[in-house]
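Student: Could we take a close look at one part of this molecule together? I would like to see how a single residue fits into its surroundings.

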Amino acid sequence: MDHRHPKRVEDYTTANLVLIFINLLWIFGVIWAQFGLMAVILSGWVLNYGITRLAQYKASRAIQWPRESDA
């Protein structure tokens, strides 16, 4: 079996962020057309809150607080 290391792949971060932005635009447009501007504002706030909570959770998991049994 050949054990060559794979070559470095391209960074698709920018392309993915642009596609996320485009998808958010049309989804917010549909929500606005169906339910109004308040629903778009509320959806954006909930999305922002969820992303913030996820970041806090990931940061707290990265810290790895010592357990009481380890002390």
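Is Ser43 buried, partly exposed or exposed?

Tutor: Happy to help! This is a predicted model, in which local features need pLDDT of at least 70 and side-chain atom pairs count only at pLDDT 80 or more, while totals for chains, interfaces and linings use all residues. Residues are numbered from 1 along each chain as its sequence is written, and side-chain values use heavy atoms, with hydrogens and water left out.

Now to your residue. Ser43 has a relative accessible area of 26%, so Ser43 is partly exposed. Here buried means under 20% relative accessible area, exposed means over 50%, and partly exposed is in between, with a 1.4 Å probe and protein chains only. Ser43 sits in helix α2. Helices (H or I, at least four residues) and strands (E, at least two) are DSSP runs, numbered from the N terminus.

What does Ser43 touch? If we set aside the neighbours within four places in sequence, Ser43 is in contact with Phe28 and Ile31, where contact means heavy atoms within 4.5 Å. Ser43 and Ile31 are 12 residues apart along the chain, and their C-alpha atoms are separated by 8.8 Å. Ile41 is also in helix α2, and its relative accessibility of 47% makes Ile41 partly exposed. From the C-alpha atom of Ile41 to that of Phe28, 13 residues apart along the chain, the separation is 9.1 Å.

Let's follow helix α2 further. α2 has 27 residues, and its first and last C-alpha atoms are 39 Å apart, close to the 39 Å expected at 1.5 Å a residue. That expected span is 1.5 Å times one less than the number of residues. Trp45 and Tyr49 both belong to α2 (residues 37–63), 4 residues apart, about one turn of the helix. A search of the whole structure finds 1 aromatic pair. The ring centres of Trp45 and Tyr49 are 5.7 Å apart and the planes are at 15°, so this pair is stacked. For such rings (Phe, Tyr and the six-membered ring of Trp), pairing needs centres within 6.5 Å; planes under 30 degrees apart count as stacked, over 60 as edge-to-face and the rest as tilted. Trp45 is exposed at 53% relative accessible area, whereas Tyr49, at 47%, is partly exposed. After α2 comes Gln64, with a positive phi near 55°.

Finally, let's zoom out. The protein chain has 2 helices and 0 strands. The other helix to look at is α1 (residues 13–35): its 23 residues should span 33 Å at 1.5 Å a residue, and its end C-alpha atoms are 32 Å apart, which agrees. Just after α1, Gly36 has a positive phi of about 105°. Phe21 lies in α1 and counts as exposed, with 51% relative accessibility. Of the 71 residues in the protein chain, 4% count as buried, so your partly exposed Ser43, at 26%, falls outside that buried group.
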